[in-house]
Amino acid sequence: MTLIDTKRALRADMAARRQSLGESMRRAAAASLRDLFFLEAPIRLPAVVSGFWPIRDEIDVRPLMDALVDAGAQLVLPVVQGRGQRLLFRAWRPGEPLEAGVFGTLQPPASSETREPDALLVPMLACDGEGWRLGYGGGFYDRTLADLRSRRSVTAIGVGFDLQLVPEVPHGADDQRLDWLLTDRRACAFV
Ligand SMILES: Nc1nc2c(c(=O)[nH]1)N(C=O)[C@@H](CNc1ccc(C(=O)N[C@@H](CCC(=O)O)C(=O)O)cc1)CN2
Ligand SMILES: Nc1ncnc2c1ncn2[C@@H]1O[C@H](COP(=O)(O)OP(=O)(O)OP(=O)(O)O)[C@@H](O)[C@H]1O
């Protein structure tokens with residue numbers, strides 16, 4: 001199997017695993033995630049922090065985003081510019097309107113100012129103990145992190161349910177490692 005096939009198979013497995021979680025478990029996980037973030041404090045605030053508006057069965061980071069704003073963070077949300085391009089980030093505050101983006105995402109309108117994040121909450125399907133991450137396969141976060149890291153220091157925090165942690169995520173030359181892992185059960189830095 002090629003790397004692409006192996007990743008595709010793992011994506012299907014992990015999507016099914018995440019789908020098995022019930023509503024009350026999801027609510028509790030969103031609150032634990034928020035609390036663990038502030039207990040372990042992966043970043044210093046104030047800072048520009050990229051969140052994400054959850055799609056499909058992703059963990060709900062909205063309680064964490066609310067708390068980040070209360071703690072002095074400037075939130076930004078990702079915007080897909082096009083296939084093969086890096087993500088752009090637009091400022092957003094909880095309660096402000098969002099508009100439809102690609103792949104079922106919601107994003108701040110073009111009137112919101114663009115900001116480069118100091119830290120990113122990175123959605124993931126799977127992650128391993130070394131910080132290798134599996135996303136939906138667009139390579140958007142890999143391209144974005146490669147570009148940001150070539151110019152500045154950023155903290156990439158992989159965010160998901162604890163059951164998304166697996167022994168090994170296959171990776172290639174284009175994959176960017178995470179700096180931190182944040183789940184409903186742990187927050188830890190990768191060395
Ligand atoms: N909540 C959230 N927002 C996000 C991301 C994300 O992973 N989660 N992104 C992370 O990059 C960007 C959006 N990228 C995405 C890329 C692919 C798919 C997706 O559903 N892909 C289909 C295949 C589509 C196709 O190739 O035609 C799939 O997985 O079935 C979703 C979002 C920016 N915003
Ligand atoms: N910096 C880059 N430059 C060019 N192509 C890239 C870069 N990063 C990733 N890609 C390409 O994007 C495609 C998808 O990559 P991959 O399967 O790792 O996506 P993913 O990490 O699961 O998705 P995402 O980051 O969007 O959540 C691959 O063909 C990969 O080679």
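**View 1. Glu-58 meets a nitrogen of ligand 1.** In this predicted model, a polar atom in the side chain of Glu-58 sits 2.7 Å from one of the ligand's nitrogen atoms. As for how well covered the ligand is, the protein buries 75% of the 690 Å² that ligand 1 exposes when taken alone.

**View 2. Arg-56 and an oxygen of ligand 1.** Here the side chain of Arg-56 takes part: one of its N or O atoms is 2.3 Å from an oxygen atom of ligand 1.

**View 3. The backbone of Trp-53 joins in.** This time a backbone atom, N or O, does the job, and it belongs to Trp-53. That atom lies 2.8 Å from a nitrogen atom of ligand 1.

**View 4. The shell around ligand 1.** Step back a little and you'll find 15 residues surrounding ligand 1. Trp-53, Arg-56, Glu-58, Phe-103 and Tyr-136 are the closest of them. Sort the shell by type and you get twelve nonpolar residues, two charged ones and one polar one. Strand 2 (74–80) supplies at least two of the shell residues, and so does helix 4 (140–151).

**View 5. Ligand 1 in its pocket, and the protein around it.** Ligand 1 sits in the largest pocket. The protein itself has four helices and eleven strands. Its C-alpha trace spans about 45 × 35 × 35 Å along the principal axes. Is that what you'd call a compact globule, and what radius of gyration goes with it? For 191 residues, a compact globule would come out near 16 Å, and the protein has 16 Å, so the two agree.

Technical notes: Residues are numbered from 1 along each chain as its sequence is written. Chains are lettered from A and ligands numbered from 1 in the order in which they are written. This is a predicted model: local features need pLDDT of at least 70, side-chain atom pairs count only at pLDDT 80 or more; totals for chains, interfaces and linings use all residues. Side-chain values use heavy atoms; hydrogens and water are left out. A residue is near a molecule or strand if one of its heavy atoms lies within 4 Å of it. A polar contact is a pair of N or O atoms within 3.5 Å; within protein, one must be able to donate a hydrogen and the other to accept it, and residues adjacent in sequence count only if both atoms are side-chain atoms. Accessible areas come from the Shrake-Rupley method with a 1.4 Å probe; for residues, only the protein chains shown count as cover. On a 1 Å grid over the protein atoms alone, a cavity is a set of points where a 1.4 Å probe fits but cannot get out, and a pocket is an open set with protein on both sides within 12 Å along at least five of seven lines; lining residues have an atom within 4 Å of a point. A molecule sits in a cavity or pocket if more than half of its atoms lie within 2 Å of its grid points. Ala, Val, Leu, Ile, Met, Phe, Trp, Tyr, Cys and Pro count as nonpolar, Asp, Glu, Lys and Arg as charged, and the others, Gly among them, as polar. The radius of gyration is taken over C-alpha atoms; the globule rule is 2.2 Å times the number of residues to the power 0.38.
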